[in-house]
Amino acid sequence: AIQHETIHQYQWQNRDAGDEPVKLDFRNLVGASEEDREYLSDPDEIDAYGHDIAMEIKFYYPKKNPYQILANLDRTKKISSYLYYKNTFKGCDWSNIRKKLLLKTYKWIPHA
C-alpha cells in the first residue's frame with residue numbers, strides 16, 4: 001500500500017499545474033460498480049496497480065520467469081490486484097483497460 005501511494009505522490013509531483021485531478025476519491029466509494037470501474041480506469045491507478053501486480057508476481061512466483069506469469073495471468077489465483085480488476089470489470093468489455101494494465105505491469109517488472 002505504501003509503494004502504491006508513493007507512486008501516486010510521484011505522479012502528482014511530476015504533473016503540470018493545469019492537469020485535472022482524479023474525479024473520484026477512493027475513500028468515498030460505496031461499492032458502486034460503475035464508480036469502481038471509473039476509478040480503476042484512471043491512468044494513475046492503472047500505473048500504480050501495474051506496479052502492484054509486478055510486485056505480487058515477483059513475490060508469489062520468485063523462481064519463475066515473471067514475463068511468463070504475466071502472459072498467463074488469467075490462470076493465476078494469487079495475484080490479488082489483478083483479480084480485483086478482473087472482478088470489477090466482470091461482464092464488461094475491459095480489453096482496452098486490461099491491455100494498458102498489462103503493459104504497465106510489463107514495464108514495472110524490472111523495477112519491482
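**Exercise 1. A patch on the surface**

Find which residues make the nonpolar surface patch of about 300 Å², and place L103 in its secondary structure element.

*Solution.* Step one: the patch is made by Y67, L103 and Y106. Keep in mind as you look that this is a predicted model. Step two: L103 sits in helix α6, which covers residues 95-108. Step three: check how open L103 is. Its relative accessibility is 46%, so L103 counts as partly exposed. A patch residue needs over 30% relative accessible area, and L103 has 46%.

**Exercise 2. The overall build**

Describe the secondary structure of the chain and say what share of its residues is buried.

*Solution.* Start with the elements: there are six helices and zero strands. Following the sequence gives the pattern α-α-α-α-α-α. Next comes burial: 37% of the 112 residues count as buried. Turn then to the contacts with a separation of 6 or more: 60% of them join residues 24 or more positions apart. Finally, the chain exposes about 7,600 Å², and carbon and sulfur atoms supply 52% of that area.

**Exercise 3. Q11 and the packing of α1 against α3**

Work out whether Q11 is buried or exposed, which residues Q11 touches beyond four places away in sequence, and how α1 and α3 pack.

*Solution.* First, locate the residue: Q11 belongs to helix α1, residues 2-13. Second, judge its burial. The cut-off for buried is under 20% relative accessible area; Q11 has 11% relative accessibility and therefore counts as buried. Third, list its partners: leaving out residues up to four places away in sequence, Q11 touches D44, D47 and A48. Q11 and D44 are 33 residues apart along the chain, yet their C-alpha atoms are separated by 7.3 Å.

Fourth, widen the view to the helix pair. Helix α3 spans residues 43-60, and α1 packs with it at an angle of about 145 degrees, the axes being 9 Å apart. The crossing of the two helices is right-handed. On the α1 side, the residues that meet α3 are Q3, H4, I7, H8 and Q11. Their counterparts in α3 are D44, E45, D47, A48, Y49, H51, D52 and M55.

**Exercise 4. Salt bridges**

Find how many salt bridges the structure holds, and explain what each pair links in sequence.

*Solution.* The structure holds three salt bridges. A general reminder helps here: side chains of opposite charge can pair when their charged atoms come close.

Take E34 and R37 to begin with. Their side chains meet at 3.1 Å, N to O. Both lie in helix α2 (residues 33-40), three residues apart, so about one helical turn separates them. E34 counts as exposed because its relative accessibility is 53%, whereas R37 is buried at 17%.

Now go to D74 and K86, whose side chains form a salt bridge of 3.5 Å, N to O. D74 lies in the loop between α4 (66-71) and α5 (80-88), and K86 in helix α5, so this pair ties together parts that are twelve residues apart in sequence.

The remaining bridge joins D74 and R98 at 2.8 Å, N to O. Because D74 is in the loop between α4 and α5 and R98 in helix α6, this pair ties together parts that are 24 residues apart in sequence.

To finish, compare the accessibilities: D74 is partly exposed at 39%, K86 is partly exposed at 29%, and R98 is partly exposed at 25%. Together, D74, K86 and R98 are linked in a network of salt bridges.

How values were computed: Residues numbered from 1 in each chain as written. Predicted model: local features only at pLDDT ≥ 70, side-chain atom pairs only at ≥ 80, totals over all residues. Heavy atoms only, no water. Patch = residues over 30% accessible without salt bridge, like charges linked within 9 Å, V, L, I, M, F, W, Y side chains within 5 Å. Areas by Shrake-Rupley, 256 points an atom, 1.4 Å probe, with all protein chains shown as cover. Salt bridge = Lys/Arg side-chain N within 4 Å of Asp/Glu carboxyl O. Helix = DSSP H or I, 4+ residues; strand = E, 2+ residues; numbered from the N terminus. Buried < 20%, exposed > 50% of the residue type's maximum accessible area, 1.4 Å probe, protein only. Contact = heavy atoms within 4.5 Å. Axes fitted to C-alpha atoms, helices over the stretch in contact; angles between N-to-C directions. Left-handed = near helix turned anticlockwise from the far one by under 90°.
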